[in-house]
Amino acid sequence: MTAGGDGADRVRGVGDRRGSPDGAAHPALHAFAADLRALLAASGVPSLRALARRAHYSHTAVAAAAGGKALPSLEVTLAFVGACGGDRLVWSGRWHTVRAELDAVTFDPADAAPPWPVQPVEDGADPEQAGCAADAVTVHACKVARHDARTMVGQLELRYSPRKHAAWGRFQGFPHLDHLAGEREVRLVVGVARERDGRRQEYELGYAFDWHYGDLLLTGRGPVHAFVRVLVDGTEIAAGATEPRTLS
């Protein structure tokens, strides 16, 4: 996704990282996140990714809202609640109450437990749920341009976890794509391919002004590369692929 100031942070759901000074989550923040998770569980929405699609925010934003590491923005909170069928007015009041309690205290969110269930490291797993994000590095990146013009729409990366021996694709949109997404439906297909056996994993999602990533492929079986397709109103306007890399 693109870098930006307050407006971009608001869209992407960057919350306020405040809580208790001893590093533990503030009780009000903990309860707020727990109740968001309970609302999600009762809603019948099958996953955080499904919720992200309904809420029109990134997986990262809704996962962070449910995680209790930080107070999500009011906009993300209300989108989360609305996608779960909750009462936006009630949750708006709760958000302002918690925000007031968190004023003037800070904490390090590193110790907060993730809100999603752990997945095994295998082909098709979610990189974050499989614990691959902690040591991830970008082993190759490339710019992606429109088919019909020399206009860059974003950057594609091949991400790799040396500890977990897995790779995936990640895409960041540029301002041109942000502009298009404000007026038209923009969707992405982000994936990774293992060339030796032809195995591909791809994930389609709506553009959400944030980092977008696909699912895992195990490495150590020959070269892998990441790929992306950018669709506007159902028509592909751009596509790209990283160089193949042989990873352990």
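**Figure 1. Leu51 and its neighbours in the predicted model.** This view of a predicted model centres on Leu51. Leaving aside residues up to four places away in sequence, Leu51 touches Leu40, Val45, Val62, Phe80, Ala83 and Cys84. Leu51 also belongs to the largest nonpolar core, which has 30 residues. Within this core, Leu51, Val62 and Phe80 touch the most other members. Five helices each supply at least two of its residues. They are H2 (27–43), H3, H4, H5 (74–83) and H6 (88–102). In soluble globular proteins, nonpolar side chains tend to be buried together.

**Figure 2. Another nonpolar core.** Apart from the largest nonpolar core lies another, made of 27 residues. Its members include Val153, Leu158, Val224 and Leu247.

**Figure 3. Helix H4, from 59 to 67.** Is helix H4 mostly covered or mostly uncovered? Seven of its nine residues are buried, so H4 is mostly covered. The buried residues are His59, Ala61, Val62, Ala63, Ala65, Ala66 and Gly67. One of them, Val62, is among the three residues that touch the most other members of the largest nonpolar core. An α-helix has 3.6 residues a turn, so residues three or four places apart point the same way. Gly68 follows H4 and has a positive phi, near 80 degrees.

**Figure 4. Ala31 and Gly68.** Ala31 sits in helix H2. Its relative accessible area is 31%, so Ala31 is partly exposed. In sequence, Ala31 and Gly68 are 37 residues apart. In space, their C-alpha atoms are 8.3 Å apart.

**Figure 5. His56 in the loop between H3 and H4.** His56 lies in the loop that runs between these two helices. Is His56 buried or exposed? At 65% relative accessibility, it counts as exposed. Its phi is positive, about 65 degrees, although His56 is not a glycine. Most residues other than glycine have a negative phi, and most peptide bonds are trans.

**Figure 6. The second largest pocket.** His56 appears again here, as one of the lining residues that lie nearest the centre of this pocket. The others are Val186, Arg187, Gly206 and Tyr207. In total, 18 residues line the second largest pocket. Its space comes to about 350 Å³. Helix H3 (48–55), strand S4 (186–194) and strand S5 (199–206) each supply at least two lining residues. By type, the lining divides into nine nonpolar, four polar and five charged residues.

**Figure 7. The largest cavity.** Rolling a probe the size of a water molecule over the atoms shows where empty space is left. How many cavities of 30 Å³ or more does a search of the whole structure find? The search finds one. The largest cavity has a volume of about 50 Å³. Its lining is made of Arg49, Ser58, His59, Thr60, Tyr203, Leu205, Trp211, His212 and Tyr213. H4, S5 and strand S6 (212–213) are the elements that give two or more residues to this lining. Four of the lining residues are nonpolar, four are polar and one is charged.

**Figure 8. Ser161 in strand S2.** Ser161 is found in strand S2, which covers residues 152–161. Its relative accessibility is 0%, so Ser161 counts as buried. What does Ser161 touch, not counting residues up to four places away in sequence? Its contacts are Cys132, Asp135, Ala166 and Trp168.

**Figure 9. Asp233 between two strands.** Asp233 is placed in the loop between strand S8 (223–232) and strand S9 (235–241). Its phi is positive, about 50 degrees, although Asp233 is not a glycine. Asp233 is partly exposed, because its relative accessible area is 44%.

**Figure 10. The whole protein and its confidence.** The protein has seven helices and ten strands. Of its 248 residues, 50% are buried. Among contacts with a separation of 6 or more, 63% join residues 24 or more positions apart. The mean pLDDT is 83, and 84% of the residues reach 70 or more. Over residues 1–24, pLDDT stays under 50. For that stretch, the model has 63 contacts beyond four places in sequence.

Terms used
Residues numbered from 1 in each chain as written. Heavy atoms only, no water. 1 Å grid on protein atoms, 1.4 Å probe; cavity = no way out; pocket = protein on both sides within 12 Å on 5 of 7 lines; lining within 4 Å. Points joined across faces, edges and corners; volume = space filled by probe spheres on them. Helix = DSSP H or I, 4+ residues; strand = E, 2+ residues; numbered from the N terminus. Nonpolar A, V, L, I, M, F, W, Y, C, P; charged D, E, K, R; others polar. Buried < 20%, exposed > 50% of the residue type's maximum accessible area, 1.4 Å probe, protein only. Contact = heavy atoms within 4.5 Å. Core = buried A, V, L, I, M, F, W, Y, C linked by side-chain atoms within 4.5 Å. pLDDT = per-residue confidence, 0-100.
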